Amino acid sequence: MIVVKATARVKPGKRDAAIAIANTMQEATRAEAGNLSYTFSADLEDDLVFHLFEEWKTQDDLDAHFGTAHMAEFIVGLGDVLDGDMPTTKYLIAESGPL
């Protein structure tokens, strides 16, 4: 399994636009083959910060995700709302289960 996490800060005044972009991306991505979860969440301490958590069955599924039309639209939309970079980390998970 592949886990991806990202953090993004949006420009002041762009929070609602960022939420709309995130909701569109979240809905489209959740329908993709190999996607196990895809969730944006708002930071509890800073309302201009959002976190993304994704789970994928395989690297091939994640690679296919990067080639989708909704990913291309998402990247264009981010250009208008992001305040800086969107640091992203990928984790390769060998095993998972209840804690």
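Okay, so D61. In this predicted model, D61 sits in helix α2, which runs over residues 59–66. Here's the odd bit: D61 is buried, and yet has no salt bridge. What is the nearest side chain of opposite charge? That's K57, and K57 is 6.4 Å away. A salt bridge here needs a Lys or Arg side-chain nitrogen within 4 Å of a carboxyl oxygen of Asp or Glu, so that pair doesn't make the cut. As for what D61 does touch, leaving out residues up to four places away in sequence, you've got A33, G34 and W56.

Right, on to the empty space. There's one cavity of 30 Å³ or more in the structure, and the largest cavity comes in at about 100 Å³. Thirteen residues line that cavity, with A18, A22, F40, F50 and L78 nearest its centre. The elements giving two or more residues to that lining are α1 (15–30), β3 (49–56) and α3 (69–81). And what's the chemistry of the lining? It's 13 nonpolar residues, with no polar and no charged ones.

Now the largest pocket, with about 180 Å³ of space. Its lining includes V4, Y38, F66, M86 and, if you look along α3, which gives the largest share with four residues, you'll find L78 in the pocket lining. L78 is also one of the residues nearest the centre of the largest cavity. Besides α3, β1 (2–9) and β3 each supply at least two residues to the pocket. The pocket lining splits into ten nonpolar residues, one polar and one charged; E54 and T88 are both in there too.

Notes:
Residues numbered from 1 in each chain as written. Predicted model: local features only at pLDDT ≥ 70, side-chain atom pairs only at ≥ 80, totals over all residues. Heavy atoms only, no water. Buried < 20%, exposed > 50% of the residue type's maximum accessible area, 1.4 Å probe, protein only. Lys, Arg positive; Asp, Glu negative; His and termini not counted. Contact = heavy atoms within 4.5 Å. 1 Å grid on protein atoms, 1.4 Å probe; cavity = no way out; pocket = protein on both sides within 12 Å on 5 of 7 lines; lining within 4 Å. Points joined across faces, edges and corners; volume = space filled by probe spheres on them. Nonpolar A, V, L, I, M, F, W, Y, C, P; charged D, E, K, R; others polar.
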